[in-house]
Amino acid sequence: MQPRRSLPLTRTHALFLALACIHAAPSIAQGALTTPSIWAPASTPANEIYHLSLFVLLVTGAIFAVVGGLLAFVIVKFHARKSDAGHEPAQIYGSTQVELAWTVIPVLIVVVLFLTTARIIFAIQDAPEPKSALDVTVVGHQFWWEFRYPRLGIVTANELHVPVSTQLRPEPTYLRLLSADVDHSFWVPQLGGKTDLIPNHPNQMWIDPQTAGLYLGQCAQFCGIEHAKMLLRVYVDTPDQFDAWVKNQQQPGVEDQSVAAGRHVFEQQACMNCHTIAGTAAKGIFGPDLTHLMSRATIASGAAANTPDNLRAWIRDPDTLKPGALMPAMQLSDQETDEVVAYLTTLH
Amino acid sequence: MADQTYPIPGTLDIAPSRGARLLEWLHTWVVTVDHKKLGILYIVYALFFLLVAGAEAMAMRIQLAVPNNHFLSPEVFNEFFTMHGTTMVFLVGMTIIFGIGNYLVPLMIGARDMAFPRLNAFSFWMSAFGGLLLYSSFVGGFGLYGVGSAPDVTWWAYAPLTAKAFTPGHNTDYWALSLIVMGFGTLGAAINTLATAFSMRCRGMTLFRMPLFVWLMIVTSGLTLITITPLTAAQVMLIIDRYLGAHFFDAQAGGAPIVWMHFFWIFGHPEVYVLILPAFGIASEVIPVFSRKAIFGYPAMVAASVGIAFVSTTVWAHHMFTVGMTSVGNTFFVLSTMMVGIPTGIKIFNWIATMWGGKIRFATPMLFCTAFLFQFLCAGLTGIMLAIAPWNWQLHNSYFVIAHFHYTLTGSFIFCIFAAFYYWYPKVTGRMLSEKLGKWHFWLFFIGFHLTFDTMHFVGMLGMPRSIYTYEADRGWSTLNFWISMGGLIQGVAVLIFAWNLIHSYLHGQEAGNDPWDAWTLEWSVPSPPPAYNFAEDPVVRSRRPLWDLKHPQDPDWKYER
Amino acid sequence: MSSVPIFADENWRLPSRGRVGMFSLIIGESAIFTIFVVAYVYYIGRSTYGPTPQILDVPIFNTICLLSSSFTIIFAEHAIQRGAMRRFAALWALTMLLGIEFLAGTAIEWRKLIFDDGLTIRANLFGTTFYSLVGLHASHVIVGLIMLSLVMIFTLLGRVEQRHAERIQVLSLYWHFVDAVWVVVFTVVYIVGR
Ligand code: HEA
Ligand code: HEA
Ligand code: CUA
Ligand SMILES: [Cu+2]
């Protein structure tokens with residue numbers, strides 16, 4: 001599967017990126033297309049946050065200009081000059097009016113900011129779930145993501161597929177966030193804010209991406225040694241693409257007699273204790289579901305591209321790609337490894 | 001006036017051998033109960049750990065300078081940022097404020113020592129022992145073979161990552177136990193500071209004539225009492241879980257990891273104000289002296305400090321906007337958090353008003369304080385942005401947060417600490433710090449600081465999360481990270497210049513005299529360094545600026561003070 | 001050296017540092033207890049298995065003992081203020097006895113809970129929070145008793161005199177605090193939580 005391009009930049013984000021460019025023109029120019037910037041929202045929650053943040057920037061920017069300006073003025077105007085050595089300036093101990101003014105004005109600013117914020121909190125957090133919504137359960141594992149579509153009977157890992165949601169055909173996705181071990185956090189900046197996955201504390205969030213494409217994110221709560229490589233890819237599919245994807249995922253694992261040897265190894269070794277391949281004896285749940293491994297562009301939650309070479313390296317010793325991953329090095333012979341890889345590469 | 005100089009102890013009749021003299025000199029430092037010596041011990045200890053934690057930061061920055069770097073392994077990186085944060089907050093921050101407080105509070109209120117000198121020594125040694133325990137983790141745990149077992153669970157150490165099941169070694173135990181030990185030391189220091197400031201003031205030093213630094217040490221100590229203790233309590237629970245098999249934070253048994261988060265931030269949020277309030281105190285001493293004006297609105301400054309302390313105990317869950325609180329809960333913490341901006345604003349405005357109409361001398365202490373004003377303004381405004389819960393859902397745990405709090409911790413706290421060094425070093429050692437090196441230190445640190453931490457805001461908004469030991473090359477973060485790291489190295493150079501300045505000026509600095517800055521508080525009325533008993537006679541004061549009264553007998557302060 | 005303007009401020013009184021120190025300590029300790037109490041309250045009824053708080057017996061006698069020790073220590077303070085050292089020693093000893101009784105009562109209660117009811121600290125959330133909270137309080141009673149017995153020893157050696165009344169008062173503040181905390185713990189554990 002080819003990664004698709006995410007949203008092109010619009011004018012307003014370009015403004016903010018321009019600010020960033022003071023430091024880093026080249027990297028933005030090259031990297032912008034895969035940069036998970038909060039200034040390129042592509043879904044209602046992200047968009048509402050984006051507009052709120054513009055407003056807040058305006059207010060804080062004004063405060064900055066006024067107070068910073070005062071400070072600059074004082075520095076320039078009142079620095080000591082050679083001529084006035086010896087005299088102390090007039091001593092002023094305070095002024096009730098002035099002090100009252102700079103207490104009351106901030107109070108008013110806080111009230112405005114607060115009311116605006118409260119409105120958005122309720123709008124995003126308490127939005128009722130429409131009937132047409134797609135339900136997905138996200139389970140965070142040390143260091144990979146499990147995605148379950150309870151109503152579609154699909155289980156997959158690391159790469160989330162959701163349909164595009166348009167004005168005419170709203171189909172938001174509601175994510176139920178659970179954790180199998182420690183705290184994680186689901187964050188795809190262009191689609192929405194982050195929400196944590198906490199054991200014993202089910203959470204929920206929603207997204208309604210309006211443009212098809214690939215959106216990147218990653219785990220945003222430190223969860224152990226490989227937290228940095230707990231990457232996240234969300235594919236927003238057009239309705240047709242999504243239906244095709246669903247159809248494919250609902251099939252059991254591909255049976256291909258030419259790789260029976262690999263399947264045999266898989267079922268003889270401990271692989272099946274940790275991994276599931278629908279339609280075979282492998283029903284483990286500790287590791288990612290491999291039934292349609294080949295429908296994913298990456299393995300090990302984005303740590304490496306899904307190529308036969310990387311699969312071989314991974315199975316020989318996961319630590320070379322992701323030191324500290326919870327899959328052990330399987331100690332297979334070269335031949336067994338080749339067979340297993342051959343088998344895995346048939347799992348479309 | 002006895003010309004007791006530090007640090008050589010009283011002379012003996014028969015000149016003892018060099019080794020014996022050295023031993024005796026060390027001995028006086030170990031058994032001392034003098035608040036000045038203990039203050040110096042605290043400060044030296046904190047400076048040492050500033051270098052250590054700074055070196056850890058440098059290592060992290062080298063690792064992150066380019067994508068997919070292999071300078072540090074993931075384990076070591078995780079240990080380093082945990083240790084960097086823990087060290088900076090507890091071993092540098094807490095010790096240096098209580099060190100400076102220890103040295104200055106008795107001098108400023110005209111007392112001869114702290115209220116409980118022996119408790120004071122006990123507190124210091126507890127803190128010192130806690131720090132050593134924490135750092136022994138680098139060699140401890142699995143023994144000297146291969147890796148040590150430094151804590152690697154972040155400085156907020158969220159459950160259940162800290163449970164035996166997920167961190168089986170002793171990493172987490174080192175973290176919890178050493179901080180519990182340090183906690184007792186800190187508690188002792190806070191109690192002592194309060195008792196000193198309330199019960200040891202010289203004649204005429206009413207509460208509203210105390211220097212603002214003393215006020216802020218009172219507020220900080222009060223806040224310490226009610227913030228360090230919840231951390232201690234939560235860490236005791238964690239240790240009970242880990243050693244006795246209890247279930248406080250065990251999700252399988254129905255325990256709630258969320259509870260740890262609340263406990264930690266009930267400590268963690270006020271803790272950051274514990275650090276910044278003494279920094280405010282330092283600014284409130286330095287800015288008036290170098291502007292040649294009385295502090296503007298003293299009563300409002302005191303009220304604002306107390307107000308900040310109170311409000312800051314109600315805002316902790318702004319670190320938890322993403323954990324799935326109810327919308328009402330989120331809304332409450334948005335409001336309480338933003339309210340902190342009001343008393344803080346009052347302080348900023350009062351400082352600016354103090355400078356207004358003054359004749360500002362930009363000596364090094366004032367340079368650091370002016371930069372502090374600017375950086376704290378920015379830091380506060382990014383704090384307000386983070387307090388906007390929906391925006392926080394984007395910014396939380398990104399480098400934007402790292403930028404915000406380094407603006408407060410490095411850009412405000414450390415800047416004020418540096419100001420304090422340049423301002424009071426003459427009092428402590430009798431010699432001035434070199435102004436020339438000081439200017440180099442300031443400008444390099446200022447440039448490095450802005451290069452590093454301004455840039456972090458952007459990379460955070462471009463989606464870079466914190467606590468990651470490496471990142472992908474295609475994210476558009478590479479160039480920014482490179483400049484962040486460069487800025488870090490510039491800061492490192494600046495700190496080395498500072499360290500050199502401390503040593504060089506100690507040996508060759510210009511003699512300071514009692515009152516090199518033409519200042520107004522009591523500590524400048526005694527020789528530099530002050531004799532063991534501080535004041536030959538107990539001083540008596542009539543206003544907030546006793547030395548001003550002395551220097552301007554026709555126009556004393558007590559005629560005007562409100 | 002200090003040639004700061006001298007003027008006489010007639011009555012220059014400052015609070016006793018002992019009292020300020022002790023009050024500060026008490027504030028800090030209260031925060032520790034608050035955290036443990038909150039944990040206890042939060043976890044009431046959340047244990048998914050194992051014994052429940054119904055197995056607790058209300059320790060009325062124990063509570064009476066501990067609370068009355070607050071009164072005996074007040075009488076002891078009065079005694080030392082008036083210089084009645086024998087009376088002081090007797091009342092002090094009585095206070096200690098009451099404290100020791102309380103500890104003994106707790107020990108007996110725990111024995112029953114552990115061996116008859118199978119409630120240990122690892123049994124479930126109730127066990128975890130119960131032993132930690134009650135144990136935290138008991139450890140404070142122990143610390144208090146150690147300090148009381150130091151005073152007792154010095155009293156018996158004849159080293160405690162009327163002029164130490166202030167210090168004795170500061171110490172007894174701590175004992176009052178330990179008692180007051182028991183009222184909270186008792187309410188939470190044996191009344192609200194049962
Ligand atoms: C010295 C330390 C210090 C200080 C002083 C502050 C001050 C503030 N902080 Fe900061 N903060 C930290 C240290 C500090 N912080 C640390 C260490 C963390 C991260 C911990 C971690 O996760 O590891 C953190 C994280 C943090 C978060 C959580 C981020 C996240 O993880 O998602 C938030 C969210 O609200 C926040 C907000 C604020 C606010 C509103 C202030 C306010 O006090 C600022 C008030 C000041 C002003 C507002 C400017 C001056 C005022 C005016 C000029 C008046 C006019 C202004 C208005 C009317 C708005 N901080
Ligand atoms: C007072 C507090 C304080 C201070 C002053 C600093 C100062 C600095 N910090 Fe720190 N930082 C924290 C408190 C602080 N930090 C906290 C609480 C965290 C969160 C931890 C966590 O997530 O758990 C954090 C996290 C943190 C991170 C994020 C790690 C991550 O999430 O992955 C980074 C990354 O760049 C960083 C960098 C820096 C830098 C470059 C400095 C610079 O300003 C430092 C300047 C340099 C020096 C002061 C010393 C220079 C020394 C030398 C040049 C060598 C000396 C030589 C010898 C010892 C032989 N810090
Ligand atoms: Cu999962 Cu970080
Ligand atoms: Cu906070």
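**Exercise 1. Find which protein atom acts as donor to the iron atom of ligand 1, then place its residue in the fold.**

Start at the metal: the iron atom of ligand 1 has a single protein donor, NE2 of His404(B), at 2.2 Å. Donors here are N, O and S atoms within 2.8 Å of the metal (3.2 Å for Na, K and Ca), and water is not among the atoms, so sites may look incomplete. Next, trace the residue back: His404(B) sits in helix H13 of chain B. Helices are DSSP runs of H or I with at least four residues, strands are runs of E with at least two, and both are numbered from the N terminus. Finally, look for the other metal: the copper ion (ligand 4) is 4.4 Å from the iron atom of ligand 1.

A word on the ground rules: this is a predicted model, where local features need pLDDT of at least 70 and side-chain atom pairs count only at pLDDT 80 or more, while totals for chains, interfaces and linings use all residues. Residues are numbered from 1 along each chain as its sequence is written, chains are lettered from A and ligands numbered from 1 in the order in which they are written, and side-chain values use heavy atoms, with hydrogens and water left out.

**Exercise 2. Work out which residues come nearest to ligand 1, and why its site is shared between chains.**

Step one is the shell: 33 residues surround ligand 1, and Trp155(B), Tyr273(B), His396(B), His404(B) and Arg466(B) come nearest. To be near, a residue needs a heavy atom within 4 Å of the molecule. Since the surrounding residues come from chains A and B, the site is shared between chains.

Step two is the polar side. An oxygen atom of ligand 1 is 2.4 Å from a side-chain N or O atom of Tyr273(B). His396(B) puts a polar side-chain atom 2.6 Å from an oxygen atom of ligand 1, and for Asn392(B) that distance is 2.8 Å.

Step three is the elements. Those giving two or more residues to the shell include helix H2 (44-77) and helix H3 (96-125) of chain A. H11(B) gives the most, with seven residues.

Last, sort by class: 20 nonpolar, twelve polar and one charged. Ala, Val, Leu, Ile, Met, Phe, Trp, Tyr, Cys and Pro count as nonpolar, Asp, Glu, Lys and Arg as charged, and the others, Gly among them, as polar.

**Exercise 3. Describe the interfaces that chain B forms with chain A and with chain C.**

Take chain A to begin with. The contact (heavy atoms within 4.5 Å) uses 106 residues from chain B and 92 from chain A. About 8400 Å² is buried, 70% of it on carbon and sulfur atoms; that is the accessible area (1.4 Å probe) the two parts lose on being put together, summed over both. There is one salt bridge between these chains. Its partners are Arg292(B) and Glu88(A), with the closest N and O atoms 2.7 Å apart; the criterion is a side-chain nitrogen of Lys or Arg within 4 Å of a carboxyl oxygen of Asp or Glu.

Now chain C. Here 48 residues of chain B touch 40 residues of chain C. The buried area is about 3800 Å², 72% of it on carbon and sulfur atoms. In chain B, Arg203(B), Phe248(B) and Val540(B) lose the most area to chain C, together 15% of what that side buries. The salt-bridge count between chain B and chain C is zero.

Note on methods:
A polar contact is a pair of N or O atoms within 3.5 Å; within protein, one must be able to donate a hydrogen and the other to accept it, and residues adjacent in sequence count only if both atoms are side-chain atoms.
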